[in-house]
Amino acid sequence: MPVILIRHGQAAGRREWHGDDRSRPLTDKGRRQALGLPKALQTYAPQRVLASPYRRCIETVEPLASQLGLSVEITEDLAEGSGATALALVRALADEKVALCTHGDVIPDVLVPLADEDRVDLGHHPKQAKGCAWVLEHSHGSFIRATYLPPSV
């Protein structure tokens with residue numbers, strides 16, 4: 001059963017956004033990336049969708065959750081700066097079909113330990129383009145494979 005780790009889609013720039021960073025929304029491109037997720041992930045059929053409480057993460061997975069008839073579950077474990085707790089969450093959910101949406105600083109904090117501890121091959125560098133996903137496969141107590149899915153646009 002895969003754990004799907006998603007980086008939020010393209011969001012408004014930090015420098016241009018004058019409100020609370022947690023409220024920074026997706027751009028038009030980010031919304032198109034979000035709309036492409038259901039098709040890109042249909043093979044994996046997640047049964048839960050979790051997201052960082054940041055607006056851009058929630059907006060990224062809303063189309064996926066909607067198509068699956070699910071609600072987006074909000075968790076601080078996927079917020080910016082939560083690499084260690086995000087890794088613990090990924091490991092705790094290893095036996096579930098779940099999609100998790102997080103941030104660019106969290107992605108390597110999850111992938112690098114999986115490569116080091118579980119010997120998952122990530123290729124040369126962990127890719128983390130905005131709107132991308134990593135499909136993490138688990139078997140017999142450890143992660144065995146990671147497949148990178150580039151953003152839809």
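How do the residues of the lining of the largest cavity divide into nonpolar, polar and charged? Keep that in mind while we look around. One caution before we start: this is a predicted model.

Let's begin with the sheet. Six strands form it, and the sheet is open. Read across, the order is S3-S2-S4-S1-S5-S6. The pairing is mixed. At the edges sit strand S3, residues 72-74, and strand S6, residues 142-149. Each of these two pairs on one side only. From one strand to the next, the twist averages 25 degrees.

Now two pairs of strands. Strand S1, residues 3-7, runs parallel to strand S4, residues 98-102. Five bridges join S1 and S4. Find Leu5, and you will see that its bridge partner in S4 is Leu100. S5 and S6 run antiparallel, with seven bridges joining them. Here His138 stands opposite Phe143 in S6. S5 and S6 make a hairpin, with two residues between the strands. In that hairpin, His140 takes a positive phi near 50 degrees.

Next, the helices. H1 lies across S1, S5 and S6. H1 runs at about 160 degrees to S1. Helix H2, residues 55-68, packs on the sheet too. H2 touches S1, S2, S3 and S4. Its direction makes about 170 degrees with that of S2.

Back to the cavity. Rolling a probe the size of a water molecule over the atoms shows where empty space is left. In this structure, a search of the whole finds one cavity of 30 Å³ or more. About 60 Å³ of space lies in the largest cavity. Which helix gives the most to its lining? Helix H1, residues 28-41, with five residues. The lining includes Gln33 and Leu37, and also Cys132, Pro150 and Ser152. So, to the opening question: the lining has eight nonpolar residues, four polar and no charged.

One last stop: Arg119. Look for Arg119 in the loop between helix H4, residues 107-118, and S5. Is Arg119 buried or exposed? Arg119 counts as exposed, because its relative accessibility is 66%, and the cut-off for exposed is over 50%. Now find Ile144. Arg119 and Ile144 are 25 residues apart along the chain. Their C-alpha atoms are separated by 7.3 Å.

That's the tour. Thanks for listening.

Methods
Residues numbered from 1 in each chain as written. Predicted model: local features only at pLDDT ≥ 70, side-chain atom pairs only at ≥ 80, totals over all residues. Heavy atoms only, no water. 1 Å grid on protein atoms, 1.4 Å probe; cavity = no way out; pocket = protein on both sides within 12 Å on 5 of 7 lines; lining within 4 Å. Points joined across faces, edges and corners; volume = space filled by probe spheres on them. Helix = DSSP H or I, 4+ residues; strand = E, 2+ residues; numbered from the N terminus. Nonpolar A, V, L, I, M, F, W, Y, C, P; charged D, E, K, R; others polar. Pairing = 2+ DSSP bridges. Axes fitted to C-alpha atoms, helices over the stretch in contact; angles between N-to-C directions. Contact = heavy atoms within 4.5 Å. Buried < 20%, exposed > 50% of the residue type's maximum accessible area, 1.4 Å probe, protein only.
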